[in-house]
Amino acid sequence: MDDISSRVIAWRRHLHRHPEVAFQEHGTAQFIADTLERIPGLAITRPTATSVVAQLDGAKPGPTVAVRADIDALPIHEENDVEYRSTVPGAMHACGHDGHTAIVLGLATRLAARQTELAGRVRFIFQHAEELSPGGAEELVQRGVMDGVDHVIGLHLWSPVPVGKIGLIGGPAMAAPDTFSCTIVGAGGHAAAPHQTIDPIAIGAQVVTALQQVVSRGVDPLDPVVVSITQFVAGTTFNVIPNSAYLAGTIRTFDAELRRTVPQQMERIVRGITEAFGATYQWSYEPGYRPVVNDVALTERLAQVVERTFGADTLVPLRPTMGGEDFSAYQQRAPGVFAFVGARNDARGITHPHHHPRFDLDEASLDIGLRYLEAATLDLLGAPQSAPPTRPLAMSA
């Protein structure tokens with residue numbers, strides 16, 4: 001392991017110990033800026049109070065490649081017993097953003113050392129607030145971070161994929177994560193006299209059941225759609241029927257027309273059931289991020305980069321995921337590819353899913369992610385690259 005790879009691990013562990021949730025990443029952004037300041041040749045800007053952008057201009061003219069890392073943590077209390085566990089109660093890097101940030105810091109370090117060889121420029125985007133809509137990506141795009149960019153790339157350290165493997169998906173890769181909420185307003189009263197009430201819990205239970213048919217009976221079975229009700233809140237005690245019940249959840253789609261019509265179907269069901277029982281409702285639908293759609297030609301090109309860099313057996317086929325990502329905001333401005341770098345290690349018990357209090361990643365994935373982004377960036381700049389390695393991929397025992 002070289003010095004930069006060791007530093008990437010150290011940076012990741014520092015960030016893991018000091019997580020900051022969306023829109024509060026002041027210390028994280030300052031750490032990133034301070035680290036970048038020690039790298040010669042970078043022009044550093046702060047588009048927002050909690051984000052950092054650095055640009056490396058090569059010695060010759062050429063394309064502009066943007067590389068994005070998300071930097072925010074989640075409001076989750078960590079349950080891992082590791083040396084680098086979170087020191088902030090109720091916050092942890094439970095999705096791998098600490099690793100993404102460390103990898104791109106390592107990339108900036110390596111490419112800066114090759115500045116005189118490069119034709120074009122690399123823009124390193126350290127983005128705040130990926131985990132909380134409206135997200136940080138759209139804000140940074142509006143601040144101009146994608147102006148003049150020819151290609152944009154990023155990665156996710158991915159717990160479903162074993163360390164040593166990389167997944168690339170051409171076309172739709174991640175869904176639009178929209179949200180909805182509904183308050184059913186009835187008439188409360190004594191639980192011993194339900195006939196004198198309009199019970200919002202009973203009505204809400206029927207709404208929950210009926211909404212399952214939006215996907216199973218209202219959508220073509222070949223179209224990927226998810227409707228999940230994740231909150232049902234009502235009542236305060238055992239002998240009172242409350243006045244209202246609150247439901248909320250998420251809608252995941254890829255298709256723009258389904259993204260428009262599924263919420264309409266849902267509200268029609270809510271309206272019909274509540275009217276049938278004499279209740280009223282308040283409905284709210286909030287569109288989230290756009291779907292992540294990887295440029296097909298660019299994906300094929302980067303698949304060849306992976307094969308040259310690591311070997312053909314490194315690539316694994318992946319199906320699109322219904323998870324969401326605001327990387328899609330950058331793809332509205334330039335062709336982009338979002339890759340999935342394996343971080344799972346069954347032998348070491350690193351198996352917990354993203355957003356779990358015991359989420360962790362095999363740190364061998366950091367070097368793999370760094371090598372992937374370095375090779376991809378150099379390819380997009382047209383820079384000469386070294387021959388494929390003869391050694392196997394680094395993997396932790």
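Q: What is the order of the eight strands in the open sheet?
A: The model is a predicted one. In it, eight strands form an open sheet with mixed pairing. Strand 1 (42-45) and strand 15 (315-316) are the edge strands, each pairing on one side only. Read across the sheet, the order is 1-2-4-3-5-16-6-15.

Q: In which sense do strand 5 and strand 16 pair, parallel or antiparallel?
A: Strands of a sheet pair through backbone hydrogen bonds, in either sense. Strand 5 covers residues 151-162 and strand 16 residues 336-344, with eight bridges between them. Val152 stands opposite Gly336 of strand 16. The sense of this pairing is parallel.

Q: What angle does the direction of helix 3 make with that of strand 3?
A: Helix 2 (residues 26-37) packs on the sheet and touches strand 1, strand 2 and strand 4; its direction is at about 20° to that of strand 2. Helix 3 (residues 97-112) also packs on the sheet, touching strands 1, 2, 3, 4 and 5. Its direction and that of strand 3 make an angle of about 160°.

Q: Why do the buried residues of helix 1 line one face of the helix?
A: An α-helix has 3.6 residues a turn, so residues three or four places apart point the same way. In helix 1, the buried residues include Ile4, Val8, Trp11 and Leu15. The buried residues line one face because, seen down the helix axis, they fall within an arc of 160°.

Q: Which helices do the buried residues of helix 1 pack against?
A: Helix 1 spans residues 3-17. Its buried residues, among them Ile9 and Arg12, pack against helix 2, helix 3 and helix 9 (364-381).

Note on methods: Residues numbered from 1 in each chain as written. Predicted model: local features only at pLDDT ≥ 70, side-chain atom pairs only at ≥ 80, totals over all residues. Heavy atoms only, no water. Pairing = 2+ DSSP bridges. Helix = DSSP H or I, 4+ residues; strand = E, 2+ residues; numbered from the N terminus. Contact = heavy atoms within 4.5 Å. Axes fitted to C-alpha atoms, helices over the stretch in contact; angles between N-to-C directions. Expected span 1.5 Å × (residues − 1). Buried < 20%, exposed > 50% of the residue type's maximum accessible area, 1.4 Å probe, protein only. Arc of directions from axis to C-beta.
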